[in-house]
Amino acid sequence: ECQASSLDLLFSDEAKESVLSRASIPTSGTFRPASSLMATFGGLPINGEWEISIATSLLEDAHHGRLLDWELTVDAKPCVARPKWEQLPDPPSTFSPRRLHTAVAVDNSIFIAGGFAKRR
């Protein structure tokens, strides 16, 4: 005989306990997912349509169920650039090649801001 059950699970990369640490599927609590959420979704746009897929490795006709509700909450944190200033020896022997930067010369000084020293 089948019985109704409900799951109230929260998945977070910062959770102490992995969802895989249990002998059976937990029905409630906060767990670290089997795969990192940041590695899976990092860099993807938040806006748009999201789709959830549910699969079982059990026999198709052995278990049936319905998903009644689901929610996705995204805690987006803005990326803040942190400048790194360094003073070159006087006089500098070389400048590292850069791209996508801004440079300003004032008197005998050159101020370089932004850009990349290596290819990304």
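## Exercises on a predicted model

In this predicted model, the side chain of serine 18 comes to 3.1 Å from the backbone nitrogen of leucine 20. Keep that pair in view for the opening exercise.

**Exercise 1. Place serine 18 in the fold and decide whether the residue is buried or exposed.**

Solution.
- Start with the location: serine 18 sits in the loop that runs between strand 1 (8-11) and strand 2 (28-31).
- Next, take its relative accessible area, which is 15%. Buried means under 20%, so serine 18 is buried.
- Finally, look for partners beyond four places in sequence: serine 18 is in contact with Phe31 and Arg32.

**Exercise 2. Work out which exposure class tryptophan 50 belongs to, and find the surface patch that includes Trp50.**

Solution.
- Locate the residue: tryptophan 50 lies in the loop between helix 1 (37-41) and strand 3 (102-106).
- Read its relative accessibility, 33%. The partly exposed class lies between 20% and 50%, so tryptophan 50 counts as partly exposed.
- Now view the surface: Trp50 belongs to a nonpolar patch whose members include Phe41, Leu44, Ile52 and Trp70. Together, the patch residues have about 920 Å² of accessible area.

**Exercise 3. Describe how strand 3 and strand 4 pair, and find the residue with a positive phi in their hairpin.**

Solution.
- Check the direction: strand 3 and strand 4 (residues 109-113) pair in the antiparallel sense, over 5 bridges.
- Follow one pairing: threonine 102 faces alanine 113 of strand 4.
- Turn to the link: the hairpin has 2 residues between the strands, and aspartate 107 adopts a positive phi near 50°.

Technical notes: Residues are numbered from 1 along each chain as its sequence is written. This is a predicted model: local features need pLDDT of at least 70, side-chain atom pairs count only at pLDDT 80 or more; totals for chains, interfaces and linings use all residues. Side-chain values use heavy atoms; hydrogens and water are left out. Patches are made of residues with over 30% relative accessible area and no salt bridge: like charges are joined within 9 Å, nonpolar side chains (Val, Leu, Ile, Met, Phe, Trp, Tyr) within 5 Å. Accessible areas come from the Shrake-Rupley method with a 1.4 Å probe; for residues, only the protein chains shown count as cover. A salt bridge is a side-chain nitrogen of Lys or Arg within 4 Å of a carboxyl oxygen of Asp or Glu. Helices (H or I, at least four residues) and strands (E, at least two) are DSSP runs, numbered from the N terminus. Buried means under 20% relative accessible area, exposed over 50%, partly exposed in between (1.4 Å probe, protein chains only). A polar contact is a pair of N or O atoms within 3.5 Å; within protein, one must be able to donate a hydrogen and the other to accept it, and residues adjacent in sequence count only if both atoms are side-chain atoms. Contact means heavy atoms within 4.5 Å. Two strands pair if DSSP finds at least two bridges between them.
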